[in-house]
Amino acid sequence: MISIFICEDNKQELKNIKTCIENYVMINALDMKVELASDDPISLLNHVKRKATGNNLYFLDIDLGNHTIGGIQLAASIRSFDVLSPVVFVTSHDELVLATFKHAVEALGYIIKDGPDSCAGQIRQILDLVNKRYLTNPLDYRVFTVRCEDSVRIFNVNDIIYFQTSDTHRVIMTHNKGQIEFRMSMKEVEKADPDFIRCHESFIVNRSHILAIDKSKRLLKLSNGSICEMSFRRMKQVLDAVN
């Protein structure tokens, strides 16, 4: 599912955009939902940081009035941890579109607020485009974002095999091309994708990489040959996930 985030400082326009999106999603049975519609860019930014997934779509007003950051700065901040999700800028002033190029913030599109009907039509076109891309290969659309010191790395969820604890709030992730260590809690990892299954206090496995389960020894054999422990308390959860 694609989560949609809207940031618009005008409360009536915020309501109009949200209603337009929700109605179109419902009528066309799109695999999307409006997760947050806010007039506060900092609140939205903090919410997105906690979500930690790449299946997002952002509608951001460029001019956010008296807030400390505008829509372009908000998009740049989002890009520091969500590199792939599409951003759509909304504005009443088409001359502000040029500012997005100066700040090197790539956008999927621009919606010019020159009337309710025109705005709604532009929103529907964006939703159709994003939905078409998503349906082309929805599995490849799911990503896991890792922040390491000053860099951000994006991994396809299908390439991730398992996670194990390294130290307090540090995790070692094993993927198809090696390993990477980063700072994150296991609870945050577990919530990042439905395929990430907690099998032990020290291990989270990608259920698509489970090859065999030894219930008597409480061990999991994974696609790369690794063996992970499975606690008795977590066994039912693992079995339910793979059946």
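Which backbone nitrogen does a side-chain oxygen of Asp-40 reach at the start of helix 2? Keep that in mind for the first view below, and remember throughout that this is a predicted model.

**View 1. The start of helix 2 and its buried side.**
Here's the answer: the side-chain oxygen of Asp-40 comes to within 3.1 Å of the backbone nitrogen of Ile-42. Now follow helix 2 along residues 41–51 and pick out its buried residues, which are Pro-41, Leu-44, Leu-45, Val-48 and Lys-51. They sit on the same side of helix 2, because they cover an arc of only 120° around its axis. What lies over these buried residues? The cover includes strand 1 (2–7), strand 2 (32–38), strand 3 (56–61) and helix 3 (71–79).

**View 2. An open sheet of three strands.**
Zoom in on 3 strands that line up in the order 13-14-15, with antiparallel pairing, to make an open sheet. At the edges you'll find strand 13 (210–214) and strand 15 (227–229), each of which pairs on one side only. From one strand to the next, the twist averages 25°. Helix 8 (residues 235–242) packs on this sheet and touches strand 13 and strand 14. The direction of helix 8 makes about 140° with that of strand 13.

**View 3. Strand 13 meets strand 14.**
How many bridges join strand 13 to strand 14? There are 4, and the two strands run antiparallel, with strand 14 covering residues 219–222. For one facing pair, look at Ile-213, which stands opposite Leu-220 in strand 14.

**View 4. Cysteines without a disulfide.**
A disulfide is a covalent bond between the sulfur atoms of two cysteines. So why doesn't Cys-228 have one? Its closest cysteine sulfur belongs to Cys-199 and is 5.4 Å away, which is too far for a bond; the cut-off used here is 2.5 Å. The count for the model comes to 0 disulfides. Cys-228 is buried, at 0% relative accessible area. Another cysteine to find is Cys-7, which counts as buried because its relative accessibility is 1%.

**View 5. Asn-176 in its loop.**
Look for Asn-176 in the loop between strand 9 (170–175) and strand 10 (178–183). Is Asn-176 buried, partly exposed or exposed? With a relative accessible area of 47%, Asn-176 is partly exposed. Leaving aside residues up to four places away in sequence, Asn-176 touches Asn-158, Asp-159, Ile-161 and His-209. Ser-223 is 47 residues away from Asn-176 along the chain, and the C-alpha atoms of these two residues are separated by 9.4 Å.

Technical notes:
Residues are numbered from 1 along each chain as its sequence is written. This is a predicted model: local features need pLDDT of at least 70, side-chain atom pairs count only at pLDDT 80 or more; totals for chains, interfaces and linings use all residues. Side-chain values use heavy atoms; hydrogens and water are left out. Two strands pair if DSSP finds at least two bridges between them. Axes are lines fitted to C-alpha atoms, for helices over the stretch in contact, and angles run from 0 to 180 degrees between N-to-C directions. Contact means heavy atoms within 4.5 Å. Buried means under 20% relative accessible area, exposed over 50%, partly exposed in between (1.4 Å probe, protein chains only). The arc is that of the directions from the helix axis to the C-beta atoms. A polar contact is a pair of N or O atoms within 3.5 Å; within protein, one must be able to donate a hydrogen and the other to accept it, and residues adjacent in sequence count only if both atoms are side-chain atoms.
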